[in-house]
Amino acid sequence: MKAQLPDGFVYVEDIIPDIGVKLSYYSHYNFVGDTIDGYRANKLILTRETAIALAKVQSYLQSQNLCLIVFDGYRPQAAVDHFVRWANDLNDTLMKSVFYPEVEKQYLFRDGYIASKSGHSRGSTLDLGLINGNTGELIDMGTIFDFFGEASGVNYLNLTNSQIKNRQILQEAMKRFGFRNYPMEWWHFTLRNEPFPETYFDFPVE
């Protein structure tokens with residue numbers, strides 16, 4: 001059963017029924033190594049404007065036999081607070097070898113990987129990649145989602161030609177339909193002219 005969402009928000013599956021959703025924070029496979037506060041279901045929630053724009057991206061990519069896979073969308077402030085508590089516990093490095101092997105945990109704030117506020121909580125930012133339209137397999141982008149390091153940067157070039165091309169395909173498709181990218185993370189996009197640019201929400205994902 002779906003929860004009642006605030007005005008302006010939608011369950012994305014109601015707009016894009018065939019979109020892939022694999023919320024990393026509703027699992028143990030993330031940089032914390034545990035399910036994150038505020039994530040109670042694998043349900044993608046975004047502002048209506050963002051979902052409508054994303055539907056255009058999905059349709060455009062399907063003509064290239066590709067589909068979107070979303071790792072995170074709307075993020076409750078409770079989840080951001082969970083990340084901050086985790087980042088301040090320097091002894092908890094359970095997932096360091098996978099997600100931040102070259103970054104010391106004490107520098108995650110300084111280097112911009114963790115913050116006390118997130119654009120995701122405004123409902124128009126999302127993290128996503130591509131999957132093969134036939135097999136459902138992830139398209140190789142050179143790093144995993146949420147890898148903390150320079151290799152995740154959009155302009156990082158120490159990759160194979162195929163990985164660089166895959167990143168460019170995602171960038172071009174998202175920008176074509178009104179999204180802007182965060183240069184440190186190939187997967188991170190925000191809708192231009194987002195409807196709640198100053199509001200950080202804290203309702204659960206359920």
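**A colleague's note on the fold**

1. Let's start with one residue and work outwards. Setting aside its neighbours within four places in sequence, Gln163 is in contact with Asp140, Met141 and Gly142. Keep in mind as you read that this is a predicted model.

2. Where does Gln163 sit? Look in helix H4, residues 161-176. Is Gln163 buried or exposed? Its relative accessibility is 12%, and since buried means under 20%, Gln163 counts as buried. The side chain still has polar company: it makes a polar contact of 2.9 Å with the side chain of Asp140. A polar atom of the Gln163 side chain also lies 3.0 Å from the backbone nitrogen of Thr160.

3. Now for the sheet. Five strands form an open sheet, and their order is S2-S4-S5-S7-S6, with mixed pairing. At the edges you'll find strand S2 (20-21) and strand S6 (179-181), each of which pairs on one side only. If the pairing words are new to you, strands of a sheet pair through backbone hydrogen bonds, either parallel or antiparallel.

4. Walk across the sheet from S2. S2 and S4 pair in the parallel sense, over two bridges, and Gly20 has Ile69 in S4 as its bridge partner. Next, S4 and S5 run antiparallel and are joined by six bridges. Here Val70 stands opposite Leu128 in S5.

5. Carry on to the other edge. S5 and S7 run antiparallel too, with three bridges joining them, and the partner of Leu126 in S7 is Phe189. S6 and strand S7 (residues 188-191) then pair in the antiparallel sense over three bridges; one partnership to find is Arg180 with Thr190 in S7. S6 and S7 form a hairpin, with six residues between them.

6. How enclosed are the strands? Seven of the seven residues of S4 are buried, so S4 is largely enclosed by the rest of the structure. For S7, try colouring the two sides separately. In a regular strand the side chains alternate between the two faces of the sheet. His188 and Thr190 on one side of S7, and Phe189 and Leu191 on the other, are all buried, so to speak for both faces: each is covered.

7. Two helices lie across this sheet. H1 lies across strand S4 (66-72), strand S5 (125-132), S6 and S7, and runs at about 145° to S4. H4, the helix we began with, lies across S4, S5, S6 and S7, at about 130° to S5.

8. H1 is a good one for a quick sanity check. At 1.5 Å a residue, the 15 residues of helix H1 (residues 48-62) should span 21 Å, and the end C-alpha atoms are 21 Å apart, which agrees. Which residues of H1 are buried? They are Thr50, Ala51, Ala53, Leu54, Val57, Gln58 and Leu61. Why do they share a side of H1? Because they cover an arc of only 165° around the axis, they are on the same side of H1.

9. Last, a loop residue to look up. Ile114 is placed in the loop between helix H3 (96-99) and S5. At 6% relative accessibility, Ile114 counts as buried. Leaving out neighbours within four places in sequence, its contacts are Phe31, Phe83, Val84, Trp86, Ala87, Leu108, Phe109 and Phe148. Take Trp86 from that group: Ile114 and Trp86 are 28 residues apart along the chain, and their C-alpha atoms are separated by 9.9 Å.

Notes. Residues are numbered from 1 along each chain as its sequence is written. This is a predicted model: local features need pLDDT of at least 70, side-chain atom pairs count only at pLDDT 80 or more; totals for chains, interfaces and linings use all residues. Side-chain values use heavy atoms; hydrogens and water are left out. Helices (H or I, at least four residues) and strands (E, at least two) are DSSP runs, numbered from the N terminus. The expected span of a helix is 1.5 Å times one less than its number of residues. Buried means under 20% relative accessible area, exposed over 50%, partly exposed in between (1.4 Å probe, protein chains only). The arc is that of the directions from the helix axis to the C-beta atoms. A polar contact is a pair of N or O atoms within 3.5 Å; within protein, one must be able to donate a hydrogen and the other to accept it, and residues adjacent in sequence count only if both atoms are side-chain atoms. Contact means heavy atoms within 4.5 Å. Two strands pair if DSSP finds at least two bridges between them. Axes are lines fitted to C-alpha atoms, for helices over the stretch in contact, and angles run from 0 to 180 degrees between N-to-C directions.
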